[in-house]
Amino acid sequence: MLEVRSVTREYRLGEVTVKALDDLSLRIEDGEFVAILGPSGSGKSTLLNLIGLLDVPSSGEVLLDGRDVVHLSDGERARIRLMSIGFVFQRFHLVSAFSAIENVALPLEAAGWPAEARWERAASLLRSVGMADRMLFAPARLSGGQRQRVAICRALANTPRIVLADEPTGQLHSEDKAGIIALFQQLNRAGNTFVVVTHDHEMASAARRIVELRDGKIIREVRT
Ligand code: ADP
Ligand code: MG
């Protein structure tokens with residue numbers, strides 16, 4: 001279970017304070033598939049970063065399985081991220097000096113998987129998203145859509161029980177997009193929790209709950 005309670009996140013830029021999230025509360029149960037919608041600047045990435053333990057709120061609480069995660073040490077937060085959370089970054093954050101397969105294998109190495117098992121796992125994920133013939137390519141030699149698929153594979157590598165994805169299909173053509181949506185749905189049926197920031201109608205319709213943000217607040221919630 002993931003929960004934010006009355007979180008506010010302010011960014012200070014010199015004299016100006018921007019309230020990216022404004023007293024927002026949201027609770028997500030295990031196994032849910034939630035889509036987060038809203039215009040640019042409404043706080044979607046800020047919210048995902050908080051529940052992904054990448055950032056802390058200016059005030060309010062962030063709870064994972066009922067436990068406060070704001071006041072843990074950086075090491076403890078990193079450990080939880082590694083073992084429980086897969087994050088697909090909006091700008092991918094691939095390691096440019098590594099090949100596609102090495103990028104996907106990274107979290108497996110950190111989690112202590114033996115070399116052969118990590119290559120097998122990474123290769124099988126990349127094959128499942130149509131990247132069989134691009135595994136040894138560095139990110140610079142991949143298209144935006146191919147990089148996005150590598151970033152998705154990396155987030156899924158460790159079979160995290162919670163997958164957080166920031167516009168994960170933004171660079172994909174419709175065929176690849178359908179494949180990613182099907183993959184997310186398959187994992188969700190197996191019990192993994194998905195929270196996906198998206199502008200995409202098809203991805204949003206895969207979700208069973210839609211949360212709409214505006215100006216750092218939830219303005220609408222729909223269960224489908
Ligand atoms: P979204 O993902 O919905 O486009 P964000 O969460 O990225 O929105 O941003 C919400 C608000 O916070 C925006 O006004 C944005 O300009 C501001 N913001 C986000 N990140 C930063 C930052 N690192 N420094 C200053 N302002 C930020
Ligand atoms: Mg964003």
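1. Strands, and helices likewise, are taken here as DSSP runs numbered from the N terminus, a strand having at least two residues and a helix (H or I) at least four. On that basis Asp 215 is placed in the loop between β9 and β10. The model under review is a predicted one, and the points below concern its sheet, its helices, its second group of paired strands and a few backbone angles.

2. Asp 215 deserves inspection on account of its backbone: its phi is positive, about 50 degrees, although the residue is not a glycine. Since exposed means over 50% relative accessible area, Asp 215 counts as exposed because its relative accessibility is 60%.

3. A second residue of this kind is Thr 159, located in the loop between α5 (144-156) and β7. Its phi is near 35 degrees, again a positive value in a residue other than glycine. With a relative accessibility of 49%, Thr 159 is classed as partly exposed.

4. Six strands make up an open sheet with mixed pairing, in the order β6-β7-β8-β3-β9-β10. The edges are occupied by β6 (85-88) and β10 (217-223); each has a single partner strand, so one side of each lacks a neighbour in the sheet. Direction ignored, neighbouring strands here are turned by 15 degrees against each other on average.

5. Within the sheet, β3 merits particular attention. Strand β3 (residues 33-37) pairs in the parallel sense with strand β8 (residues 193-197) over four bridges. In this pairing Phe 33 stands opposite Phe 194 of β8, and Val 34 stands opposite Val 195 of β8. β3 also pairs with β9, in the parallel sense and over four bridges, with Ala 35 opposite Ile 210 in β9. Four of the five residues of β3 are buried, so the strand is largely enclosed by the rest of the structure.

6. Two helices lie across strands of this sheet. Helix α1 (residues 44-51) lies across β3, β6, β7 (162-166), β8 and β9 (209-214), and runs at about 155 degrees to β7. Helix α2 (residues 74-84) lies across β6 and β7, with an angle of about 85 degrees to β6. Strands β6 and β7 are thus crossed by α1 as well as by α2.

7. Further pairing involves β1, β4 and β5. β1 and strand β4 (residues 59-64) are antiparallel and are joined over five bridges; in β4, Leu 64 is the bridge partner of Leu 2. β4 is in turn joined by two bridges to strand β5 (residues 67-68), and this pair also runs antiparallel. The bridge partner of Leu 63 in β5 is Asp 68.

8. The connection between β4 and β5 should be read together with the preceding point. These strands form a hairpin with two residues between them, in which Asp 65 takes a positive phi near 55 degrees.

9. On the surface, Tyr 11, Leu 13, Val 16 and Val 18 form a nonpolar patch, with about 350 Å² of accessible area together. The elements contributing two or more residues to the nonpolar patch are β1 (2-13) and β2 (16-28). Val 16, one of the patch residues, is found in strand β2.

Notes
Residues numbered from 1 in each chain as written. Chains lettered and ligands numbered in written order. Predicted model: local features only at pLDDT ≥ 70, side-chain atom pairs only at ≥ 80, totals over all residues. Heavy atoms only, no water. Patch = residues over 30% accessible without salt bridge, like charges linked within 9 Å, V, L, I, M, F, W, Y side chains within 5 Å. Areas by Shrake-Rupley, 256 points an atom, 1.4 Å probe, with all protein chains shown as cover. Salt bridge = Lys/Arg side-chain N within 4 Å of Asp/Glu carboxyl O. Pairing = 2+ DSSP bridges. Axes fitted to C-alpha atoms, helices over the stretch in contact; angles between N-to-C directions. Contact = heavy atoms within 4.5 Å. Buried < 20%, exposed > 50% of the residue type's maximum accessible area, 1.4 Å probe, protein only.
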